[in-house]
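Here are some short exercises on one protein model. Try each task before you read its solution.

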Amino acid sequence: MALSINRNMTRWIIIVASFIIISLILWNTYVFFQNFKNEERSKMEIWSFAQRDYFQAIQDADLNGNDDVFADLDLALEILNNNNTTPMILINADSTVENYRNIINKTEVDSIHNIKEETYVKENLKALILKYGKENEPIKIENNKQTLYYGNSLLLNKLKYYPLALLLIILLFAAVAYFFYKSAKTADQNKLWTGMAKETAHQIGTPLSSLVGWTEILRNEQVNPEYLKEIEKDITRLQTITDRFSKIGSMPTLDKMDVVKETLDSYEYLKARSSKLIDFEISVPQEHLYVNLNNQLYSWTIENLVKNAIDAMKGKGTLKLAITNDDKYVKISIQDTGKGISKQNFNSVFQPGYTTKKRGWGLGLSLAKRIIEDYHNGKIKVLQSEIGKGTTMQISLKLLS
């Protein structure tokens with residue numbers, strides 16, 4: 001108990017620590033993005049100051065007729081020409097375009113048939129201004145009566161999706177870890193059930209050998225042969241059960257067998273030992289249908305399906321068994337008039353532990369699915385079901401030529 005509590009505590013500590021680490025990574029990424037965005041705005045503000053100084057120098061040159069004012073604008077010109085990453089449009093007071101840079105990159109130019117950037121700006125001016133206005137607040141250049149619209153650089157746009165990519169990677173990693181944990185847990189459970197099954201087979205073997213010996217003694221005591229015959233049937237039955245349990249966890253041997261005969265043998269055995277309130281109906285072909293079978297495991301499957309059907313009818317109703325075939329497959333259907341299964345649970349009934357009975361482990365259909373699909377390469381499914389009217393289960397096995 002204490003070990004279980006410690007494991008749960010460790011699991012929760014790991015989950016909480018992982019959540020905190022993920023939150024810190026996402027928060028730091030967000031802060032880095034905002035800082036980078038602020039750096040770009042500072043760069044564009046400096047660019048606007050350089051544009052203002054350059055514009056002022058042009059006005060002074062026009063008024064004074066002195067071109068020497070440009071000699072002190074090397075830094076401003078360097079700043080104006082050095083912006084090679086941030087897309088921007090400089091708009092005059094009369095809404096004409098004064099300047100633009102980095103609107104489309106080389107890849108975009110190729111994708112729109114080598115259109116010139118100037119043409120692209122003219123055709124998409126309103127859309128670009130609207131887009132850049134949403135991404136960043138425009139910068140007003142008061143003296144020049146101009147407005148600078150700028151968007152996020154290509155690097156900033158890529159960085160914007162980094163948290164989503166990081167989150168996706170974390171989710172994928174969590175999914176892999178979950179499925180690994182689930183698979184490991186399932187493998188441990190399978191080992192446990194396999195060990196229990198083999199141990200059960202071993203434990204049954206001892207009293208079974210004793211029963212065989214007592215049968216011989218009773219035969220020598222001139223006991224009624226009919227009694228001995230029934231006892232021998234049950235001993236054979238116990239031997240079959242022992243053989244079944246011993247095969248769990250290992251690949252069984254499959255032999256070419258008549259599936260019609262094997263199905264009827266199991267069906268008739270259960271019919272003779274079931275409630276007289278169950279009306280058994282059988283519809284099978286007269287021909288032999290051969291498939292690869294392990295008769296002990298296959299009969300176990302038929303018994304599980306028949307017992308489930310009887311339980312669903314609470315010991316009273318009609319149970320139909322039908323065998324049909326086409327060119328490739330033989331199909332065995334078992335239909336009952338029980339309580340039925342909702343459509344959303346058609347797949348759930350085959351999961352280990354699923355049961356609607358107060359007393360039950362929920363292993364019968366799970367075991368049947370494993371026997372048919374894993375060992376016999378067949379299919380088992382809920383063919384149809386309706387609440388209050390009954391269920392039809394179907395097994396499909398490949399025919400041998």
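**Exercise 1. The sheet**

How many bridges join strand β1 to β2, and in which direction do the two strands run? Then place both strands in their sheet.

Solution. This is a predicted model. Start with the pair itself. Strand β1 covers residues 88-91, and four bridges join it to β2. The two strands run antiparallel. For one position, take Ile91: its bridge partner in β2 is Val97.

Now widen the view. The sheet is open and has four strands, in the order β2-β1-β4-β3, with antiparallel pairing. Its edge strands are β2 (97-101) and β3 (139-141), each of which pairs on one side only. On average, neighbouring strands are turned by 15° against each other, direction ignored.

Finish with the helix. Helix α5 (residues 125-135) lies across β1, β2 and β4 (146-150). Its angle to β1 is about 110°.

**Exercise 2. The cores**

Find the largest nonpolar core and say which helix gives the most to it.

Solution. Count residues: the largest nonpolar core has 36. Val259, Leu319 and Leu397 have the most contacts inside this core. Helix α10 (residues 295-312) gives the most, with six residues. Another core, of 10 residues, lies apart from it. Trp47, Ala50, Leu80 and Ile141 are among its members.

Next, look around Leu319. Leaving out residues up to four places away in sequence, Leu319 touches residues including Tyr267, Ile278, Phe280, Val306 and Met313. Asp279 and Glu281 are also among the residues it touches.

**Exercise 3. Two helices**

Describe how α10 packs against helix α11.

Solution. Take the geometry of the pair. Helix α11 spans residues 364-375 and packs with α10 at an angle of about 145°. Their axes are 9 Å apart. The crossing is left-handed.

Then list the contacts. From α10 come Leu297, Tyr298, Trp300, Thr301, Asn304, Leu305 and Asn308. They meet Gly364, Leu365, Leu367, Ala368, Ile371, Ile372 and Tyr375 in α11. Sort these residues by type: 10 are nonpolar, four are polar and none is charged.

**Exercise 4. One residue**

Is Asn295 buried, exposed or partly exposed?

Solution. First locate the residue: Asn295 is found in helix α10. Its relative accessible area is 26%. Buried would need under 20%, and exposed over 50%. Asn295 is therefore partly exposed.

Now check its surroundings. Asn295 touches Met257 and Glu262, not counting residues up to four places away in sequence. Asp258 lies 37 residues apart from Asn295 along the chain, yet their C-alpha atoms are separated by 9.7 Å.

Conventions: Residues numbered from 1 in each chain as written. Predicted model: local features only at pLDDT ≥ 70, side-chain atom pairs only at ≥ 80, totals over all residues. Heavy atoms only, no water. Core = buried A, V, L, I, M, F, W, Y, C linked by side-chain atoms within 4.5 Å. Buried < 20%, exposed > 50% of the residue type's maximum accessible area, 1.4 Å probe, protein only. Contact = heavy atoms within 4.5 Å. Pairing = 2+ DSSP bridges. Axes fitted to C-alpha atoms, helices over the stretch in contact; angles between N-to-C directions. Left-handed = near helix turned anticlockwise from the far one by under 90°. Nonpolar A, V, L, I, M, F, W, Y, C, P; charged D, E, K, R; others polar.
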